Amino acid sequence: EAAKPAAGGAVVQIGAVSSKALADQAWKDAVAVAPGQAAGKGKGVEPIEKNGGTLYRTSVTGFASKADAQAFCAKLQAAGKSCFVR
């Protein structure tokens, strides 16, 4: 499991999927879009209960600032992927 980002760090959530395998794939796909910006970033996979099932909330962690996270998210959106900064 990836470490939690440091205090003040920003996280880019890239999806909530139905399995850990899909979460791993979503993270790899996101990192492949912007490998330079994703270098050294962590992977966050957090199980959440929704409508009686489990989803795996997947995020790229460890951005130094919201601005860095927003720039990464903008690159993902330009590639047709959804994301948001939290």
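This report walks through the fold, core, surface and one strand residue of a predicted model.

## Overall layout

Start with the secondary structure: the chain holds three helices and four strands. Going along the sequence, they come in the order β-α-α-β-β-α-β.

As for dimensions, the C-alpha atoms fit a box of roughly 35 × 30 × 20 Å along the principal axes. A compact globule of 86 residues would have a radius of gyration near 12 Å, and the chain comes out at 12 Å, so the two agree. The contacts have a long-range flavour too: of those between residues at least 6 apart in sequence, 64% link residues at least 24 apart.

## The nonpolar core

The largest nonpolar core is built from 15 residues. Val12, Ile14, Val60, Phe63, Phe72 and Leu76 are the ones with the most contacts inside it. Four elements, β1 (10-17), α1 (20-33), β3 (53-63) and α3 (66-78), put in at least two residues each. The largest share belongs to α3, with four residues.

Val60 is a handy residue to click on here, being among those with the most contacts inside the core. Setting aside residues up to four places away in sequence, Val60 touches Val11, Val12, Ile14, Trp27, Ala30, Lys41, Gly42 and Phe72. Two of the names on that list, Val12 and Ile14, also appear with Val60 among the core residues with the most contacts, and so does Phe72.

## Surface and charge

How much of the chain counts as buried? The share is 29% of the 86 residues. The exposed area of the chain is about 4900 Å², with carbon and sulfur atoms supplying 54% of that.

On the charge side, the chain carries 11 positive and 6 negative charges. Take the mean position of each set, and the two points sit 4 Å apart.

## A look at Ala16

Ala16 sits in strand β1, one of the elements that supply at least two residues to the core. Is Ala16 itself buried, partly exposed or exposed? Its relative accessibility is 39%, so Ala16 counts as partly exposed; the buried class would need a value under 20%.

Which residues does Ala16 contact, once neighbours within four places in sequence are left aside? They are Leu55, Tyr56 and Arg57, and the strand β3 (53-63) spans those positions. There's also a sequence-distant pairing to check in the viewer: Ala16 and Glu46 lie 30 residues apart along the chain, while their C-alpha atoms are 8.9 Å apart in space.

Key. Residues numbered from 1 in each chain as written. Predicted model: local features only at pLDDT ≥ 70, side-chain atom pairs only at ≥ 80, totals over all residues. Heavy atoms only, no water. Core = buried A, V, L, I, M, F, W, Y, C linked by side-chain atoms within 4.5 Å. Buried < 20%, exposed > 50% of the residue type's maximum accessible area, 1.4 Å probe, protein only. Contact = heavy atoms within 4.5 Å. Rg over C-alpha atoms; globule rule 2.2 N^0.38 Å. Areas by Shrake-Rupley, 256 points an atom, 1.4 Å probe, with all protein chains shown as cover. Lys, Arg positive; Asp, Glu negative; His and termini not counted. Charge placed at Lys NZ, Arg CZ, Asp CG, Glu CD.
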